[in-house]
Structures are given as structure tokens and as C-alpha cells.
Amino acid sequence: MRTDDVRAREELERCARRLGLVNLTPGQMEELRQAEAYARDLLARLPREFALTDEPAHTFRASDDA
Amino acid sequence: MTAADLPWLTIAEAASLIRDRELSPVEYVEALYARSDRLDARLHSYIRVTRDIAMREAKRAEAEIAGGTNRGPLHGMPYGLKDIVDYAGVPTTAHSRLLQDNVPDRDATVTARLKEAGGALLGKMATHEFALGGPSFDLPWPPPRNPWNTDYFTGGSSSGSAAAVAAGFMPAALGSDTGGSVRGPASLCGLVGMKPTYGRVSRTGVLPLAYSLDTVGPLTRTVEDSALVLNAIAGHDPRDIASADVTQPDFTADLQAGVRGLRVGVVRHFYTRDIEADPEVLRGIEDAVDVLARLGAHVQEMQLQPLDVYASCSRTIIMSEAYAVHEKWLQERPSDYGASLRQRLLPGAFIRAVDYVHAIRLRRQLVQHFDDAMRDFDIAVTASSMDPPPRIEDTDEVERTYPRQARNPFNVIGGPALVLPVGFTESGLPLSMQIVGRPFDEPTVYRTGYAYERETDWTTRRPPLG
């Protein structure tokens, strides 16, 4: 196995441990690698230009009178 | 009328016969079970048949009606529940190994309301696992098949609900819709599917997919039936934090009002520019728009944000919230998920808090943009699915067509969205369109759908199941 592949696999294993995903099979580790790529692609397309005062759609209200 | 006609009664027709004591709810239930007993081995729409419950509830309805009590149009009406909706004492499995033994001790609010209306539960219906993964062939139950051609996909995730209603196993079933899961299967199975306004129908006792987008809605064969079911299940529920405390109209009241003078915005760029729809889908929608214009609606083109903006907003929210729901099980029991759901959940692990906040800021902008766009219109129409149903075992085609849809914009916006059939492909598979209203304006959505439906005969056709 090439050094880059070993490094990538070790990085993915570290990532899985950090996420608490310690029970994934080797096949599911491959799913995790694909999931990271999918999320990266999705988030690259998410618009991020907002005014400072643009609040989220769901803003917490402490009561109906708030 | 013969016994063979009973499975094809609409709720409105059956209610009239039951009220006049020309149809026994018990015989009605028996006729529907006779059909599903014969055919469901080909469709797999049911996860669990609740025969004892259905017979008990039908007998009770029959006795009440004989005694002069009338609970309304759902009295004695058989129905199904997507198997993420609780019925006390009956397992709610979410079509998943993880919840095979999950038996709720309390009814979902929508179940309680259907009981109060006099309904008879025929069974719990198959779904994509936890209303997201699928179609999956590695779960304890197989995926449902499309009654119009069993080689084809039903759409999801309310797939069993759609297959059963389209097959004539029941006149109505409940589904859930977070990114299109009532409307997708309704579109692919030739049904009427309603995603009500977020907050219109309680989700208490319904397993969550994404809290800020989840809705519950009916799948039926006609617009009127959809309105009748919504009448029964809608209404404020203090146990659901998102439930809206608003006045509930009679959703059938305006059905006959017609569309003359109604300002209809056609969101054409969704299915011609943002995604190029299949030619047969395109023709179905454009013909339907022509029908509305012929009926007197003022039809004009309408611009919303591009579909991919809605899609990135919707997916970021769904993946973040769904991962929060499933994180513990993914850590402890990842192999108990089907591969499809696990693969759809795992990207949520890589979405940061700041990404999620940006998505819900974007959501607010999209809501405001829609409000502005609707100032010139009473209603909007557009595509639902961009393609006819794919073959269920053609994984590549299922994956290709899955995101080619215009449903998630209206989960993001939150208002009501109805799909209904607008024809069939040359090979006999259903085509659909989508009618969208301002938040809490279900009456105008139903009124438009009803006017179109009355001018066409699509809802009277039956799938070639035998």
C-alpha cells in the first residue's frame, strides 16, 4: 500500500474515533469516506453571504409574549 | 354495486353509503382485506396487518351508526398508517431492525384524531427506513412496488402508504413529508398527496426525521378525500412544540369555488432550466396549466430562487437534524441500519454548527423571497418529480432520479403543497404536478386541485393488478 493511502486510512480512522464511530466495519469506513466527500460537496454549494442581522428561520422565543 | 367495486370507493362515496346504512363498515373492511390478501405479496405495502383492530373498530362504528351516532365522513373508514406513526399497543418499526420491538403505549395525536373520527386501522405501512433510506433490499421487510407496474419504484419514503392506496387496498393512508416523502410516492403512484403547512398537523407520536421540516399528511385517490382526512387530523396540539395555534377551516368548504379569476404563477424555471424534466412530465404539466387557464385562471410565469439553492438548504438541515436523531445508534449499532440509510445519515457527521446556522439563515431568506413572489399570485404550480418512476432494481436510475424533484423548496418555505395526477406515460406510468399555496392557505390549494381534477379523468383510472 502506498504511503498516501496509509496516511489517508489513518486519518479516516482518527476521524471515526473523534466522531465516536468506533464500531464501523471496513466497508462502513468506506461509506464514511464517501460521506465526508458528499458533505464537502454539499457545503461548497451552500450560500454563505448574509447580512450581520440575518437571523435564522427558527429563533427561540421564551414565551408567546416575547 | 358489486364487492369488486368497494375497493375503489372514494371516502366521500363510502361515507355517504355508510351514513345511509347501505354499506356496512365491517363488509367494507373485509372487502379491502380480501383484495390485499390476494395482491399484497406482489406489492409489499404492509409491514403489519392489524385485522383484529380493524374489525373491532369497524364493528364499533357499525353499532354507533345503527344507534344514530354520526361521527362524520370518516366514521367506519378504513385507513393505514406509515410505520413511523404510533398506534398504542402496535409496534412502530420505522421499517428498521433497530425498532422491530418498539411498542408504543400511547397513540400519536393524528392516530387519536382518526380514532375519534371513527376510522378503522387496517395496518402499518412500509416506509423507507426511518423515512429516509431506500429503496432497501437489506431490511427485515422488502421495499414496496408500484401498483401501476411492479417492476417500478413507488418513490419514498411513504412508499407503502402510496402503494396500498393506489392498489385499492384502502381509500387513505397517512405519510410524512420532510423533503417530499408524501408527495414523491403520491406522484409516482398516481395519487393525491398533501404536505400541509408546517405546524398544521401534529407530529406528536411520529418518529422524527428532521424536526424543523417534518410534516404529516394524507395520501388519497381524490382531492376531496384529501381534504376530508386533513379535516380530521389537523388542529393545534400543545404536545407538539411546532404546532400552530391557528383557526382551522373546513378544508372542503371551497372545493366547488372554481379557479375563475385566480392568479396562478407557473414556476416553469424549476422544470425547464434548473432541471430539465423528462418530455412526458413536461407535457403533462403544461397540459394541466392549459386546463387551469381554460377554466378561467389568470396564468403567468413566476420566478423563485433556483432549485439547487433550496436543495442545499434542505439537505444541510435534514442531514444535521437527522444525524442528531441517529448519532447514538450510529455509534453503537451501525450494522443494524440498512446500507442506504446509513449512507444518507453519515454525511451529517461532517456538517459543522456554523453550516447549520447558515442553512437556517438561508431558509429565512427563501421564505421572505417566496412571500414577495406570491404578492402577485394566489397559487403556484410546478413539477413534483422530473421523471416518471424508475425501475426499482435499477440502482443507478433510482439514484439519478431521486434528487430530480421540486418538492423540498416547499418544505423549506413551510407552506402547503399538493400533488395530483396529470396523466400517464406511454408505458402507463403516472405523471403529476404540484400546487403550492401561502402558509395556512390549504383551502386555495385544494380548490385549485379540485377544479383541475373535475376536468380530467385521471383519478378514475385503476392500475392493472387484477
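Start by selecting strands E7 and E8 of chain B: in this predicted model, E7(B) and E8(B) pair in the parallel sense over four bridges. Zoom in on the facing residues. Arg263(B) of this pair stands opposite His298(B) in E8(B), and Val264(B) has Val299(B) in E8(B) as its opposite number.

Now turn to the other neighbour. E7(B) is joined to E9(B) by three bridges, and these two strands run parallel. To see the register, pick out Val266(B), which stands opposite Val381(B) in E9(B).

**The whole sheet**

Widen the selection to the strands of chain B. You will find an open sheet of 11 strands, with mixed pairing, in the order E1-E3-E2-E4-E6-E5-E10-E11-E9-E7-E8. Which strands are the edges? They are E1 (46-49) and E8 (298-301) of chain B, each of which pairs on one side only. Look along the sheet and follow the twist, which averages 25 degrees from one strand to the next.

Next, add helix H15 (residues 442-455) of chain B to the view. H15 packs on the sheet, where it touches E5, E9 (379-382), E10 and E11 (430-436) of chain B. Compare its direction with that of E10(B): the angle between them is about 10 degrees.

**Strand E5, one of the strands under that helix**

Select residues 192-195 of chain B, which form strand E5. Are its faces buried or exposed? Both are covered: Val192(B) and Met194(B) are buried on one side, and Gly193(B) and Lys195(B) are buried on the other. For a computational chemist, the lysine in that list may be the one to label.

Then show the two partners of this strand. E5(B) and E6 (residues 215-220) of chain B run antiparallel and are joined by two bridges; here Val192(B) stands opposite Thr220(B). E5(B) also runs antiparallel to E10 (residues 417-424) of chain B, this time with three bridges, and Lys195(B) stands opposite Ala417(B) there. As background, strands of a sheet pair through backbone hydrogen bonds, either parallel or antiparallel.

**Helix H7 and the loop after it**

Move on to helix H7 (223-233) of chain B. How many of its residues are buried? The count is 11 of the 11, so H7(B) is largely enclosed by the rest of the structure. Colour the residues by type and you will see that the buried ones include Glu224(B) and Asp225(B) as well as Val223(B), Leu228(B) and Ile233(B). Just past the helix comes Gly235(B), with a positive phi near 130 degrees.

Follow the chain onward into the loop between H7 and strand E7 (263-266) of chain B, where Asp250(B) has its place. Asp250(B) is exposed, with 12 other C-beta atoms within 10 Å. Draw a distance from its C-alpha atom to that of Leu228(B): the two are 22 residues apart along the chain and separated by 8.6 Å. Leu228(B) itself is one of the buried residues of H7(B).

**Stepping back to chain B**

Show chain B alone. Its secondary structure comes to 15 helices and 11 strands. The radius of gyration is 20 Å, close to the 23 Å that the globule rule gives for 466 residues, so chain B is as compact as a globular protein of that length. Along the principal axes, its C-alpha atoms fill a box of roughly 60 × 55 × 45 Å. Colour by burial and 60% of the 466 residues count as buried. If you prefer a contact map, take the contacts in chain B with a separation of 6 or more: residues 24 or more positions apart account for 78% of them.

**Where chain A meets chain B**

Bring chain A back. Here 29 residues of chain B are in contact with 25 residues of chain A. Which helices should you highlight on the chain B side? H10 (307-332), H11 (339-345) and H12 (353-373) of chain B each supply at least two residues, and H12(B) gives the most, with 11 residues. Sorted by class, this side of chain B has 13 nonpolar, eight polar and eight charged residues.

**Last stop: helix H1 of chain A**

Finish with residues 3-18 of chain A, helix H1. This helix has 16 residues and reaches 22 Å from its first C-alpha to its last, close to the 22 Å expected at 1.5 Å a residue. The number of buried residues in H1(A) is zero, so it lies largely in the open. Just after H1(A), select Gly20(A), which takes a positive phi of about 75 degrees.

Definitions and conventions. Residues numbered from 1 in each chain as written. Chains lettered and ligands numbered in written order. Predicted model: local features only at pLDDT ≥ 70, side-chain atom pairs only at ≥ 80, totals over all residues. Contact = placed C-beta atoms within 7 Å. Nonpolar A, V, L, I, M, F, W, Y, C, P; charged D, E, K, R; others polar. Rg over C-alpha atoms; globule rule 2.2 N^0.38 Å. Buried ≥ 20, exposed ≤ 12 C-beta atoms within 10 Å, placed from the backbone. Pairing = 2+ DSSP bridges. Expected span 1.5 Å × (residues − 1). Axes fitted to C-alpha atoms, helices over the stretch in contact; angles between N-to-C directions.
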